[in-house]
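Colleague: I'd like to go through this model with you, one question at a time. Could you keep the terms simple and spell out the cut-offs?

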Amino acid sequence: MTQADTKTQSPPAAKLSLPTLTTMVVGSMVGAGVFSLPRRFAQETGVAGALIAWAVAGTGMLMLAFVFQTLAVRRPDLDAGVYAYAKAGFGEYLGFFSAFGYWASACVGNVTYWVLIMSTIGAIAPALGDGDTVLAVVLSSVGLWLFFALISRGVKEAAAINRIVTVAKVVPIIVFVILALFCLKPSVFADNFAGADYAGSLFNQVKGTMLATVFVFLGVEGASVYSRHARRREDVGRATILGFVSVFAIFASVTIVSYGIMPMAEIAELRQPSMAEVLEHAVGTWGKVFVSVGLIVSVLGAYLAWTLMAAEVLYVAAKDDDMPRFLKRATAADVPVPALVMSTVLSQIVLVVTLFSDDAFNFALDLTSALTLIPFLLAAAFAVKIGWGGPRGQLAIASLATVYTAFLIYAAGLKFVLVSFIIYAPATVLFVMARKEQGRRLFAPRELVILAASVAGAVLGVVALAVGWISL
């Protein structure tokens, strides 16, 4: 019997303190995506729309942060929060979808980091293009598997590296904001206020930025995913709020100050990472180099944190018998290696798919956000469900979080809803495998309805791609 086989029960959990949990949340949220915000926002909206978008996103995500804080306290029996809340509130099959969707979003999100870092290096190595050439995909694949080897050594070592990297990657972002403020041109800022002609109505401008704001806030739920490792249960909620508050101002500032450096239409045409290009315009070449180095460090920390979270979700779902039992295995170092392998393989597949997309980075970013919306919506709805009869304030917060996540699904648009179905529906194979291993009935009547809806959505999505109604 191998060492991995002996650990199929419950390996000893590494206990994480409040500072460590908070750092992991910040490390998850402050990823490479923030370096892409100036271009992404300029493609959609002007200053007025950006201010409204951040107000909506900040309020909505704060409500979600409060939801995770409340659920961590009220339901301390539930581990791996996002997945566990959906299962407890709406049954095993929707719980499975929540676990799979959250896991898949983390894996797709990891692809954006590699695309962005290759695009960064592509500024001096044209063969890498915008991070979506064959050479870029090959080099990114090497990075994927090197990180797999690192994380396989143990959660404690990876967490220690993440703490160092989190501090290192925040510094260039803060420096960018300070320098951009000093270089800000009031006349340029004023010209960008209403938005360019291509941006459309103010509502469409705000709507167009919603998936980007979701992407950069992913990780707000990170502490709840690691709840089984927390020294004290109340630290999970505290870390969630502290992590959110720590980064919200940074995200909004990066976007807003950029509008005072260059015309909106010019920012929209910059190559990624656009934050580096904006700072180059403001202070010269050294600014671009400084931000580019910060981005590379950011990718290291963000990829590390999200790969850990992705594997953790699969592992805990398998322990709850909602995934096949081979995903229960973990090493003596508390690393769920089979789950880690699956996470790396999915990221590898999506990396290859980016070769066929029109805009590899934006496609992966939007798909990451879209896949996360169902888990978030179910968690918020669960908070509403258990909120009846409790404090009115908690019920109001949960209701606002639910409305916000429902609006995000609308903002995502039909394209990403259908593509999400294409990913969700085949995942049912894992659910069936788990049920067969347990000798249980495959689907209850209500679950068959959910299965039919997901398959229908997936079929429609495939047809839409085939006939050109939507494209990657």
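Modeller: Sure, here come some questions and answers about this chain. This is a predicted model, where local features need pLDDT of at least 70 and side-chain atom pairs count only at pLDDT 80 or more, while totals for chains, interfaces and linings use all residues. Residues are numbered from 1 along each chain as its sequence is written, and side-chain values use heavy atoms, with hydrogens and water left out.

Colleague: How many helices and strands are in the chain?

Modeller: Helices (H or I, at least four residues) and strands (E, at least two) are DSSP runs, numbered from the N terminus. By that rule the chain has 0 strands, and its helices number 19.

Colleague: What percentage of the residues count as buried?

Modeller: Buried means under 20% relative accessible area, exposed is over 50%, and partly exposed is in between (1.4 Å probe, protein chains only). The chain has 472 residues, and the share that counts as buried is 58%.

Colleague: Which residues make the nonpolar surface patch?

Modeller: A patch is made of residues with over 30% relative accessible area and no salt bridge; like charges are joined within 9 Å, and nonpolar side chains (Val, Leu, Ile, Met, Phe, Trp, Tyr) within 5 Å. Areas come from the Shrake-Rupley method with a 1.4 Å probe, and for residues only the protein chains shown count as cover. This patch covers about 660 Å² and is made by Val134, Val138, Val142, Leu146, Val352, Leu355 and Phe356.

Colleague: Which helix gives the largest share of that nonpolar patch?

Modeller: One patch member, valine 138, is found in helix H6. Valine 138 counts as partly exposed because its relative accessibility is 45%. The largest share of the patch, 4 residues, comes from residues 134-151, that is, helix H6.

Colleague: Now the rings: is the pair of phenylalanine 41 and tryptophan 54 stacked or edge-to-face?

Modeller: Rings of Phe, Tyr and Trp (its six-membered ring) pair if their centres lie within 6.5 Å; planes under 30 degrees apart count as stacked, over 60 as edge-to-face and the rest as tilted. The whole structure holds 18 aromatic pairs. For phenylalanine 41 and tryptophan 54, the centres are 5.2 Å apart and the planes differ by 5 degrees, which makes the pair stacked.

Colleague: Which helices does that pair link?

Modeller: Phenylalanine 41 is buried because its relative accessibility is 0%, and tryptophan 54 is buried because its value is 3%. The two are 13 residues apart, and they link helix H2 (residues 37-42) with helix H3 (residues 47-74).

Colleague: How are the planes of phenylalanine 96 and phenylalanine 97 set, and what is that pair called?

Modeller: Both of these phenylalanines, 96 and 97, are buried. Their ring centres are 6.0 Å apart and their planes are at 45 degrees, so the pair is tilted.

Colleague: Which residues do ring pairs link into a cluster?

Modeller: Follow the ring pairs from one partner to the next. The cluster they build is Tyr93, Phe96, Phe97, Phe100, Trp103, Tyr424, Phe431 and Phe443.

Colleague: Over which ring does the charged end of lysine 385 sit?

Modeller: A charge sits over a ring if NZ of Lys or CZ of Arg is within 6 Å of the ring centre and within 35 degrees of the ring normal. The charged end of lysine 385 is 5.4 Å from the centre of its ring, which belongs to phenylalanine 90.

Colleague: What distance separates the closest N and O atoms of glutamate 92 and arginine 440?

Modeller: A salt bridge is a side-chain nitrogen of Lys or Arg within 4 Å of a carboxyl oxygen of Asp or Glu, and the whole structure has 6 salt bridges. Glutamate 92 and arginine 440 form one of them, with their closest N and O atoms separated by 3.0 Å.

Colleague: Which residues do salt bridges that share partners join into one network?

Modeller: Glutamate 447 forms a salt bridge with arginine 435, at 3.2 Å between the closest N and O atoms. Glutamate 447 is in helix H19 and arginine 435 in helix H18, so this pair ties together parts 12 residues apart in sequence. Shared partners give one network of Glu92, Arg435, Arg440 and Glu447.

Colleague: Which residues does glycine 294 touch?

Modeller: Glycine 294 is found in helix H14 (residues 285-319), and it counts as buried because its relative accessible area is 3%. Contact means heavy atoms within 4.5 Å. Not counting residues up to four places away in sequence, glycine 294 touches Phe35, Lys169 and Pro172.
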